[in-house]
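Reader: I have a structure to study for class. Could we go through it together?
Author: Certainly. Please place it here and ask as we proceed.

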Amino acid sequence: MAIIQFPKDMKWGTATASYQIEGATNEGGRGVSIWDTFAKTPGNVINGDNGDVACDSYHRYEEDVEMMKELGIDVYRFSVAWPRIFPNGTGEINQEGLDYYHRLVDKLLEAGIEPMCTLYHWDLPQALQDKGGWNNRETIDAFVNYAEVMFKEFSGKIKQWLTLNEPWCISFLSNFIGVHAPGNQDLQLATQISHHLLVAHGKTVKKFRELGIDGQIGFAPNTTWLEPYSNRQEDIDACNREIGWYIEWFMDPVFKGTYPQFLVDWFKKKGVELDIQEGDMETINQPVDFLGINYYTGHIARYKENEGLLDWEMVEMNYERTDIGWPIFPEGFYNVLMRIKDSYGDIPIYITENGSCYNDEPENGRVKDAGRINYLQQHLTALSRAISSGVNVKGYITWSLMDNFEWAEGYTMRFGIVHVNYRTLERTKKDSYYWFKQTIDNNWFEN
Ligand SMILES: CCOCCOc1ccc(-c2cn(C[C@@H]3NC[C@@H](O)[C@H]3O)nn2)cc1
């Protein structure tokens, strides 16, 4: 057994997102989002699930904050539903929407918990989608306008801001692979959207600086790791393309001001022509205060000609998998963090999402989610290794505080350290909640 110890200033937290937990989609003046539309289109979400009720956190946020206070976390990462602030994306501000987030943030501050606000976690106002969504450069300015309102309204209360959650999911998963809203399957469209997202991020960071807001700002790309099946260069290159699609495609523009040429060339071969306007790359290349990193899984892979977009295939190595089918691959977590350190230096990093899907149900009021505890132990050990190797990790925020709407998987996949009964909305703290509480309290755990 080993003691895994963390730095004394390590921050611990939990994460959620508006569409996944709030419910009350027709309340408080909220406008329609693309996820309301997508989820209500038959076939898009398992069981036809949608976010109309979700965890009802719009009404139950006080109970949720109490659970977080008992947990002893330092920071709570939540997202704001843009359609609650601007029901039509732009134009008239919905005061009821601002009021809800003031209630939430005030409750967090009262509990001694730092709010970390994600401005965009996928619930784009449908009115903007109707005008082309992220493919329309006007949406960039609409986003900056929305962000400016939030910065001014919550200045002094919220001091940790994230512009975008998982731009790879917003662009490629949602507009090329097509399993998330709005469900397009067009590589040119998706790649152009990825560029517009980065411009929106850069313009928002510039606005944050211009306003002189007290606080820090970053963004939260999702990452993955592919370990080459062999040391053949074709296997190494194939893994590099997939890792780069998540990491370098989004981080090189922000930290280096350029797209990774090997991927630009690869996409060009696939017929993609990026429309980059004068000044875009300088806008994107704004210094950020910290980098959010989301990591869940990785696998072994090898080159396979003409397979998928990037010519690789997964090699089944019988890794243990979580209930959503993702391999448990903690070495990938370490490797991702080391790759980022080697590429981008000592940028402060928050792990803004890491967690696992286990669908254990309560028995006599207890949820024995040993699998989730095992996943946390393995990944926090990998994180400790990365910190010992010099990665500048400031905090660890687990996904998620509670079971919630897991996008196309609906309510069938549970990522929470707190169980939610979606019929009664009763919350039940799982064994992993108590394990995480002890780890936070100690700032170490026994592996
Ligand atoms: C047919 C091919 O299908 C490919 C599916 O490809 C993916 C990739 C990645 C994901 C994914 C889901 N999550 C968890 C969320 N992160 C943000 C938060 O809202 C969590 O709910 N992270 N990555 C899903 C699907």
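Reader: What is 2.8 Å from a nitrogen atom of the ligand?
Author: That partner is an N or O atom in the side chain of Glu 353. Please note that this is a predicted model.

Reader: And what about Glu 406, which ligand atom does its side chain approach?
Author: An N or O atom of the Glu 406 side chain is 2.7 Å from an oxygen atom of the ligand. A polar side-chain atom of Gln 20 also lies 2.6 Å from a ligand oxygen atom.

Reader: How much of the ligand does the protein bury?
Author: The protein buries 71% of the 580 Å² that the ligand exposes when taken alone.

Reader: How many residues surround the ligand?
Author: There are 14 residues around the ligand. Among the closest are His 121 and Trp 407.

Reader: New topic: helices. How does one describe two that pack together?
Author: One gives the angle between their axes and the distance between those axes. Helix H10, residues 233-246, packs against helix H12, residues 261-269, at about 100°, and their axes are 10 Å apart.

Reader: What does that angle make H10 relative to H12?
Author: At that angle, H10 is roughly perpendicular to H12, because angles of 65 to 115 degrees count that way.

Reader: Which residues meet there?
Author: From H10, the residues are Asn 240, Arg 241, Gly 244 and Trp 245. They meet Phe 262, Leu 263, Trp 266 and Phe 267 of H12. By class, this contact has 5 nonpolar, 2 polar and 1 charged residues.

Reader: At what angle do H3 and H16 cross?
Author: Helix H3 (residues 57-71) and helix H16 (residues 431-442) cross at roughly 50°, and their axes come within 9 Å. H3 is therefore oblique to H16.

Reader: Which residues of H3 take part in that contact?
Author: Met 67, Glu 70 and Leu 71 of H3 do, and they meet residues of H16 including Tyr 433, Phe 436 and Lys 437. The contact of H3 with H16 has 6 nonpolar, no polar and 2 charged residues.

Reader: Now the backbone. Where is Asp 56, and what is its phi?
Author: Asp 56 is in the loop between helix H2 (34-39) and H3. Its phi is near 55°, a positive value in a residue other than glycine.

Reader: Why remark on that?
Author: Most residues other than glycine have a negative phi, and most peptide bonds are trans.

Reader: Which residues does a cis peptide bond join here?
Author: One cis bond joins Ala 181 and Pro 182, with omega about 10°. Pro 182 lies in the loop between helix H8 (167-177) and helix H9 (187-210). Another joins Trp 399 and Ser 400, where omega is also about 10°.

Methods: Residues numbered from 1 in each chain as written. Predicted model: local features only at pLDDT ≥ 70, side-chain atom pairs only at ≥ 80, totals over all residues. Heavy atoms only, no water. Axes fitted to C-alpha atoms, helices over the stretch in contact; angles between N-to-C directions. Helix = DSSP H or I, 4+ residues; strand = E, 2+ residues; numbered from the N terminus. Parallel < 35°, antiparallel > 145°, perpendicular 65-115°, else oblique. Contact = heavy atoms within 4.5 Å. Nonpolar A, V, L, I, M, F, W, Y, C, P; charged D, E, K, R; others polar. Near = heavy atom within 4 Å. Polar contact = N/O pair within 3.5 Å; in protein donor to acceptor, adjacent residues only side chain to side chain. Areas by Shrake-Rupley, 256 points an atom, 1.4 Å probe, with all protein chains shown as cover.
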